[in-house]
Amino acid sequence: MSAGAPTVREILQKSADFLADRGVDSPALSAQLMLGKALRLTRLDLLLQSDRPLTEAELAAARELVRRRGRGEPAAYILGEKEFYGLAFSVTPACLIPRPETEHIVEEAEARFPRDAALAFADLGTGSGCLAVTLAVRFPQARGLAVDRSPGALAVARDNAARHGVGERLSLVQGDFADLAGLGVAQGSLDLVAANPPYVSEAEYADVSPEVRNFEPRGALTPGPTGLEAIAALAPGAHAALKPGGLLLLEMGMTQAAAVRGILEQAGFAEVRIRKDLAGRDRVAVARA
Ligand SMILES: C[S@@+](CC[C@H](N)C(=O)[O-])C[C@H]1O[C@@H](n2cnc3c(N)ncnc32)[C@H](O)[C@@H]1O
């Protein structure tokens, strides 16, 4: 290491400036996350060690991560991890990065079922497994089926199920969530169906940020021209699979409440209620079979 090796503080500042120039959101936070990953330090450790000089190898590692972030790659893919409902989930570009608004589904489930309920549930379009795994963690007697058509996403979900010790209570199945009967789910067998299906219309997809469009799997975001195709496809099967009175918790787009209500009522659901997210936008349909 040379006498003039840059310190943690200097590299954090340079990285934040570089990321700000490239229009990355929260550049200072991103710089801390990238440097923390390169040095295997927490953000607190970075602060405590701000005068520590970096070795050549550390500097090279940090530069590479900051460059990736500067090209718009989401921090979660670079770190390989994202927090959801207080749990750390592995993520890869094969799966959607879990979003905070999806946590409302778990909150609703917790508000409606006791913790010791021996729930039979399904998670349709499981992606990283964030919903299925979190439900299995929060309801220790529950057993669930997690469905996705993407083998890459299912591999991530399997990893996360093992990571949180719920693999034995989750069945991870590759297939079409519109065909639950074909996947062996008996009619009237489930207490709960949770789903965050793709719901972005093709027109909206053209406007999503490059960070999303260039890096997250398109098939996890948009199901077709209207954005309602996947919800319409899964609703009848979800209704048939639920016990009478069973609960559907379904994430949807903020402009889709009326259309989703219509789809769910047509599939036989009753008491359709729309729950808003923290930003006050319609986000989760809650319906009884
Ligand atoms: C919006 S992502 C949700 C992922 C995860 N549940 C979450 O909340 O972060 C939708 C997921 O549904 C899957 N998917 C889309 N259409 C499907 C279908 N017809 N059958 C099964 N999975 C599907 C995608 O591969 C993707 O993983």
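Q: Which strands form a hairpin, and which residue in the turn has a positive phi?
A: In this predicted model, strands E1 and E2 make the hairpin, with two residues between them, and Tyr85 in the turn has a positive phi of about 50°. E1 covers residues 81-84 and E2 covers residues 87-90, and the two run antiparallel, joined by four bridges. Within this pairing, Glu83 stands opposite Ala88 in E2.

Q: In what order do the strands of the open sheet follow one another?
A: A general idea helps when reading any such sheet: in a regular strand, the side chains alternate between the two faces of the sheet. Here the open sheet has seven strands in the order E5-E4-E3-E6-E7-E9-E8, and their pairing is mixed. Strand E5 (170-174) and strand E8 (270-276) are at the edges, and each has a single partner strand, so one side of each is left without a neighbour in the sheet. From one strand to the next, the twist averages 15°.

Q: In which sense do E8 and strand E9 pair?
A: E8 pairs with E9 (residues 282-288) in the antiparallel sense, over five bridges, and Arg275 stands opposite Val284 in E9.

Q: Which strands does helix H12 lie across?
A: Helix H12, residues 229-241, lies across strand E3 (120-124), strand E6 (190-195) and strand E7 (242-251), and it runs at about 155° to E7.

Q: How many residues surround the ligand, and which are the closest?
A: The ligand is surrounded by 24 residues, of which Gly125, Gly127, Arg149, Asn196 and Ala220 are the closest. Helix H7 (130-138), strand E4 (143-148) and helix H11 (218-221) are the elements that give two or more residues to this shell. By character, the residues of the shell divide into 13 nonpolar, eight polar and three charged.

Q: How is the protein divided into domains, and how far apart do their C-alpha centres lie?
A: Domain 1 spans 8-72 and domain 2 spans 81-288, and the C-alpha centres of the two domains lie 34 Å apart.

Q: Why can the protein be called as compact as a globular protein of its length?
A: The protein has 13 helices and nine strands. Its radius of gyration is 21 Å, close to the 19 Å that the globule rule gives for 289 residues, so the protein is as compact as a globular protein of that length. Along the principal axes, its C-alpha atoms fill a box of roughly 70 × 40 × 30 Å.

Terms used. Residues are numbered from 1 along each chain as its sequence is written. This is a predicted model: local features need pLDDT of at least 70, side-chain atom pairs count only at pLDDT 80 or more; totals for chains, interfaces and linings use all residues. Domain bounds come from an automatic or database domain assignment. A residue is near a molecule or strand if its C-beta atom, placed from the backbone, lies within 6 Å of it. Ala, Val, Leu, Ile, Met, Phe, Trp, Tyr, Cys and Pro count as nonpolar, Asp, Glu, Lys and Arg as charged, and the others, Gly among them, as polar. Two strands pair if DSSP finds at least two bridges between them. Axes are lines fitted to C-alpha atoms, for helices over the stretch in contact, and angles run from 0 to 180 degrees between N-to-C directions. Two residues are in contact if their C-beta atoms, placed from the backbone, lie within 7 Å. The radius of gyration is taken over C-alpha atoms; the globule rule is 2.2 Å times the number of residues to the power 0.38.
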